[in-house]
Amino acid sequence: MNNRIKIIGGTWRSRQIAVIDEQGLRPTPARVRETLFNWLQADIFNSQCLDVFSGSGALGFEAASRGARLVVAIENNVPAYQALKSNAAKLSASQMTFIQTDALAYLAAPANTQFDIVFLDPPFGLGLIAQSIELLDKQQWLAPYAKIYVETENALNIDAHIPKNWHGLKNKIAGEVTYRLFENQCDV
């Protein structure tokens, strides 16, 4: 574990989590996390969150720190998964569950829980975003009015892959990253 990042708000504010140095692992920068959690401030407390390509866990730990009732983090990379579990143990993060599996395989299964907030930040350049979006919607992982955070490289146009029931709420660009917040406005 070569790097550390700070949790920026909530119960664990200023606590650090260890981040492994793995190819494709890009922890969401603090300024982007701050903006995202400002967007979500009215929705995060007591929510159920799904961190699909968890990686460093920055988004999941931030959600748990700010009062999410449940955070399910999906990570396929074994060293990253082990780092997530180690960080959770150090923080006594009992509201967090970690699943070591392929994220697309997980999303392809019928939903056993509907989530209020989903973080979708796959490794760049691997073509994972379109299929992830399709599976989230098709397999009914989203609660009515769920918020979906999508982080992609700037060059990637995802407009054609956004379901009709996802309403765009916010979007910004930071460096080489575009990040967006959608709301699932499906019929209740």
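This is a chat about the sheet, two packed helices and two loop residues of a predicted model.

Q: Before we start, what kind of model is this, and how are residues numbered?
A: It's a predicted model, where local features need pLDDT of at least 70, side-chain atom pairs count only at pLDDT 80 or more, and totals for chains, interfaces and linings use all residues. Residues are numbered from 1 along each chain as its sequence is written, and side-chain values use heavy atoms, with hydrogens and water left out.

Q: OK, the sheet. What's the strand order?
A: The order is E5-E4-E3-E6-E7-E9-E8, seven strands in an open sheet with mixed pairing. Strands here are DSSP runs (E, at least two residues), helices are runs of H or I with at least four, and both are numbered from the N terminus. Two strands pair if DSSP finds at least two bridges between them.

Q: Which strands stand at the edges?
A: Strand E5 (96–99) and strand E8 (166–174). Each has a single partner strand, so one side of each is left without a neighbour in the sheet.

Q: And how much are neighbouring strands turned against each other?
A: By 15 degrees on average, direction ignored. Angles run from 0 to 180 degrees between N-to-C directions, and axes are lines fitted to C-alpha atoms, for helices over the stretch in contact.

Q: Is E7 largely enclosed or left open?
A: Nine of the 12 residues of E7 (residues 142–153) are buried, so the strand is largely enclosed by the rest of the structure. Buried means under 20% relative accessible area, exposed means over 50%, and partly exposed is in between (1.4 Å probe, protein chains only).

Q: What does E7 pair with?
A: E6 (residues 115–120) runs parallel to E7, with five bridges, while E9 (residues 177–184) runs antiparallel to E7, with seven. Lys147 of E7 has bridge partners in both: Ile117 and, in E9, Glu183.

Q: How does the chain get from E6 to E7?
A: Through helix H5 (residues 129–138), in a right-handed β-α-β crossover. Right-handed means that, with the strands pointing away from the viewer, the path from the first strand over the helix to the second runs clockwise.

Q: What about E3 and E4?
A: E3 (residues 48–51) and E4 (residues 70–74) are a parallel pair with four bridges. Cys49 sits opposite Val71 of E4.

Q: Switching to helices. How do H1 and H2 pack?
A: H1 (residues 30–39) and H2 (residues 58–65) pack at about 45 degrees, axes 11 Å apart. That makes H1 oblique to H2 (under 35 degrees is roughly parallel, over 145 roughly antiparallel, 65 to 115 roughly perpendicular, the rest oblique).

Q: Which residues make the contact?
A: Arg33, Leu36 and Phe37 on H1, with Ala58, Leu59, Glu62 and Ala63 on H2. Contact means heavy atoms within 4.5 Å.

Q: Is H2 buried or exposed?
A: Eight of its eight residues are buried, so H2 is largely enclosed by the rest of the structure. Among them are Gly60, Phe61 and Ser65. Gly67 follows H2, with a positive phi near 105 degrees.

Q: Last one: where's Asn77, and what does Asn77 touch?
A: Asn77 is in the loop between E4 and helix H3 (78–91). At 25% relative accessibility, Asn77 counts as partly exposed. Leaving out residues up to four places away in sequence, Asn77 touches Ile20 and Glu22.

Q: And Glu22?
A: Glu22 is in the loop between strand E2 (16–19) and H1, and is partly exposed at 30%. With that same sequence cut-off, Glu22 touches Asn77 and Pro79.
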